[in-house]
Amino acid sequence: MAASAGSPAVQTPARASLNRRVLLLGLVVVAALLAVLLLNLGRDPHSIRSPLVGRAAPAFSLPPVGGGAPVTSESLRGRPLVLNFWATWCAPCIEEHETLVSTARALGRDVQFLGVVYEDEEDRVQVFLRRHGSSYPSLLDPDAKTAIAYGVAGVPETYFIDAAGVIRAKVAYPLSPEAMAENIRKVRP
Amino acid sequence: MTASAGRILILLALLVSAAGAMAGFAAGRSGSAAGWRVTRGLAYAFAALMAAANGLMVWALLARDFSVSYVAHVGSRSIPDWVAFVSLWSSLEGSILFWGLVMGVYVTVATRANRDRHPEYMPYACAVWLACGTFFSFLLAGPAQPFLTVPNPPPDGPGPNPLLQNHVLMIVHPPFLYLGYVGMTIPFGLASAALLRGRLGQDFLRPLRNWLLLPWIFLTVAIVLGAWWAYEVLGWGGYWAWDPVENASFLPWLTATAALHSALLTERKGVLKGWTVTLVLASFLLTILGTFMTRSGVFNSVHSFTQSAIGPTILGFLALALVWSVWLLATGIDRFSTEGRLEGAASRDGMFLANNLLFVLFTFTVLIGTVFPLVVEATKGVQMSVGRPYFDRMAVPIGVALLLLMGVGPALPWGRATAAQMKAALLPPLAGGLLAAAVGAALGVRQPWTLVALSFGGYTAQVTLRELWRPVARRRALGAALGEAVLDAQVRRGRRRAAAYVVHAGAALAVVAIAVSSTMGTSKELQLREGDTATVGAYTLTFVKAEELREPHRSALVARIHVARGGRDLGVLTPRMNQYESQREPVGTPAVRTSLFEDLYLSVMNIDPGQGTLGLLAMVNPMVAWIWGAAAVMALGGLAALVPSRGVAPAAVRAGAPSPASSRVPAQG
């Protein structure tokens with residue numbers, strides 16, 4: 001390794017001069033680094049984009065809580081659908097419940113809301129719904145087959161599906177009224 | 001009331017630091033002693049205002065004054081006072097306020113210590129510190145205000161992030177990190193001043209090196225405390241995951257370590273001044289990049305403060321600091337004089353250069369791995385992550401090479417060496433290397449990299465001990481008693497040299513312990529029912545019972561596991577799964593039984609008290625405690641190097657003629 005290797009300092013000293021090589025190299029590195037950081041500002045690193053967004057929603061046919069004929073995804077075509085995976089043991093689900101119920105009530109028949117119960121028992125769900133109220137059906141998901149098809153990693157998770165049956169957005173945190181409104185816009189023309 | 005007072009203090013700190021920065025630059029240009037006096041006064045005022053603002057916030061936190069926005073955000077009536085106190089740095093705004101306090105203390109001490117010294121550099125340096133102080137005051141006055149008035153104060157607050165209350169290490173880790181991060185501002189200011197002057201004199205290298213060493217010590221401790229916390233709390237059995245925020249603290253440590261070595265070469269030989277200064281600037285810039293990583297929410301990490309509005313502001317400051325540094329280097333670097341010259345590769349000089357190149361390579365490797373996902377996201381819109389395999393594959397050879405250099409470098413003489421000298425210096429330590437590898441192989445080490453690390457560690461250990469012993473032996477030969485010889489060689493005279501070898505011993509031990517612990521462990525995933533027994537390593541585990549506990553802010557599922565080894569009862573370990581009210585996912589807390597040579601590490605994967613079933617991750621991790629110990633050795637060695645040694649007291653150097661000999665490090669004691 002020669003003494004001058006890699007070090008600009010070993011060059012012969014000049015008087016109060018501008019080292020253009022250092023300036024140019026430095027500015028290129030600085031610009032590249034800043035550009036990358038700038039482009040990523042405002043991105044939420046915790047949101048893992050679902051590969052399902054932009055694709056047809058997986059079909060399902062699930063029995064509603066409290067009994068009755070199974071609800072199929074086919075029968076819901078033609079209207080936007082908000083599909084919310086939840087459980088009674090999940091604290092953030094309780095937090096967003098109010099928003100879901102009131103939005104579903106406000107939108108009436110324009111947008112269909114459905115809950116899918118995740119890893120829970122029917123009687124507990126019924127107690128929960130009696131206590132907290134509801135304005136849309138919740139479905140049971142035996143063996144979590146539908147949750148697996150949607151790639152649910154935890155609850156709550158909410159999928160926004162448009163009238164043609166294409167998933168337009170996925171939210172993996174408790175919905176605030178603002179987040180709800182923003183995502184509803186993606187599925188309602 | 002309190003909030004308004006706090007806002008006034010912050011605004012005053014902003015004004016005072018901005019005025020001080022301008023006064024400092026003016027005094028630097030004009031060389032006016034009065035200007036320097038004014039700058040110092042403003043620096044002390046800045047520190048006093050920051051201290052007052054922090055005192056006010058602590059008072060508000062303890063008084064549970066929820067009319068102050070930060071208290072309403074993190075305070076709670078149900079938390080004990082000590083939690084209220086440490087929540088000063090538990091959340092974004094408070095941590096920046098605390099940052100201001102640390103900055104104030106550093107600026108005060110560095111200014112006071114040098115008020116009559118280095119007059120050509122100090123006003124510029126102080127101006128740069130206060131310019132950084134201006135930025136952090138601006139953050140507190142605008143984007144990250146802790147002192148907003150809450151019009152209708154709530155009766156109670158939510159309390160700080162429960163994860164921070166989970167372990168005592170989380171209370172000490174952040175202050176050490178801030179002491180490391182903020183401390184890099186001081187050498188940054190000194191290096192900027194040298195570039196503005198176009199001169200880096202022999203006498204100025206000592207303060208530069210010492211002010212770099214101090215934050216380096218804190219950063220070393222902070223990194224290891226963070227690793228220790230991850231090990232004791234996160235429950236996956238390891239201590240380092242190459243998480244972006246871990247990397248954020250590691251990057252400036254790498255460049256600072258390189259700078260400490262390069263500065264030694266500059267101090268001894270008068271060469272590589274521009275290079276040393278570049279590394280010092282880079283260390284500071286990387287701390288700001290690290291601040292951006294932890295505070296902007298751009299990087300995905302276990303402990304980033306998310307959804308923060310200060311990202312763009314910190315990015316703006318980073319841009320300014322980067323452009324400033326590049327400009328300073330471009331205009332100043334060619335004005336530095338080179339006094340000496342470097343010897344070829346086969347000398348200690350050459351080893352210093354190799355060390356520097358390896359550390360810089362390490363820095364780029366980690367930096368690229370950390371930033372690469374962002375590049376891909378920005379250009380291709382694809383999410384990806386760079387995992388441990390990349391980092392491990394790159395870091396292992398570099399780390400092992402550095403370990404070898406720690407042995408070869410100090411073994412070689414300064415300057416040119418003859419073939420016979422080199423043989424005499426380099427061959428004997430091979431015995432230590434072979435011995436360490438043989439002991440390792442006898443104990444069952446088969447992994448090639450681990451054997452390499454052991455042999456290099458043994459080599460380096462022998463060189464380090466020889467270099468520590470050599471000056472003692474010389475004094476013994478002259479008839480000194482052993483105690484007297486050690487005292488004179490290591491404490492009174494060659495303290496900095498001895499301290500450096502102590503740091504090396506710690507570092508070598510750390511690398512070996514990391515190599516052994518990460519390759520020689522045993523790991524088992526067990527599915528147990530109550531009453532079941534399983535073995536891991538030499539331990540017998542009996543799953544006694546699963547319990548559900550309710551605590552005020554969390555509920556916990558606890559597994560009681562009876563542990564025995566070789567028929568000897570070692571008591572009960574209780575790994576647990578905590579569910580905090582404010583968290584979506586449950587958080588496990590592992591149980592670790594530490595002994596001298598290995599840890600038994602139990603972590604709950606799933607647990608069901610109703611069914612009496614338990615999924616348990618059981619690991620035996622060898623030599624983990626040695627990593628923490630090695631870091632303590634490094635930190636203590638660093639501290640010892642900071643204490644001026646009597647043989648080369650700075651006063652003596654300054655009083656006498658500036659002879660290059662007396663300002664040099666006594667290499668051979």
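**Chain A in outline, and helix packing in chain B**

Of the 189 residues of chain A, 45% count as buried, where buried means under 20% relative accessible area with a 1.4 Å probe and protein chains only. The model is predicted, so local features need pLDDT of at least 70 and side-chain atom pairs count only at pLDDT 80 or more, whereas totals for chains, interfaces and linings use all residues. Residues are numbered from 1 along each chain as its sequence is written, chains are lettered from A and ligands numbered from 1 in the order in which they are written, and side-chain values use heavy atoms, with hydrogens and water left out.

Chain A has five helices and seven strands; helices are DSSP runs of H or I with at least four residues, and strands are runs of E with at least two, numbered from the N terminus. Read from the N terminus, the order of elements is α-β-β-β-α-β-α-β-α-β-β-α. Among contacts in chain A (heavy atoms within 4.5 Å) between residues at least 6 apart in sequence, 69% join residues at least 24 apart.

In chain B, a starting point is B:Ser137, which lies in helix α6 (residues 122–141). B:Ser137 has 0% relative accessibility and therefore counts as buried. Leaving out residues up to four places away in sequence, B:Ser137 touches B:Ile10, B:Ala13, B:Leu14, B:Ser17, B:Phe46 and B:Met50. One of these, B:Leu14, is 123 residues from B:Ser137 in sequence, yet their C-alpha atoms are 5.0 Å apart.

Several helix pairs follow. Two packed helices are described by the angle between their axes and the distance between the axes. Here the axes are lines fitted to C-alpha atoms, for helices over the stretch in contact, and angles run from 0 to 180 degrees between N-to-C directions.

The axes of α5(B) (residues 92–113) and α10(B) come within 12 Å and cross at roughly 150°. That makes α5(B) roughly antiparallel to α10(B), a term for angles over 145 degrees. Their crossing is right-handed, meaning that the near helix is turned clockwise from the far one by less than a right angle; anticlockwise would be left-handed. From α5(B), B:Tyr106, B:Val109 and B:Ala110 meet B:Trp211, B:Leu214, B:Pro215 and B:Phe218 of α10(B).

Helices α9(B) (residues 185–197) and α13(B) (residues 311–332) pack with axes 8 Å apart at an angle of about 35°, and α9(B) passes α13(B) in a left-handed crossing. The residues that meet include B:Phe188 and B:Leu195 in α9(B), and B:Trp324 and B:Leu328 in α13(B).

Further along the chain, the twelve residues of α19(B) (residues 482–493) should span 16 Å at 1.5 Å a residue, and the end C-alpha atoms are 15 Å apart, which agrees; the expected span is 1.5 Å times one less than the number of residues. In α19(B), the residues B:Ala485, B:Asp488, B:Ala489 and B:Gln490 are buried. These buried residues fall within an arc of 155° seen down the axis of α19(B), so they line one face of the helix; the arc is that of the directions from the helix axis to the C-beta atoms. Their cover includes α18 (448–477) and α20 (495–519) of chain B.

The axes of α20(B) and α21(B) (residues 624–642) come within 8 Å and cross at roughly 165°, and the two helices are therefore roughly antiparallel. The crossing is left-handed. Among the buried residues of α21(B) are B:Ile627, B:Trp628 and B:Met634, and their cover includes α10, α11, α20, β9 and β10 of chain B.

Definitions and conventions: Buried < 20%, exposed > 50% of the residue type's maximum accessible area, 1.4 Å probe, protein only. Parallel < 35°, antiparallel > 145°, perpendicular 65-115°, else oblique.
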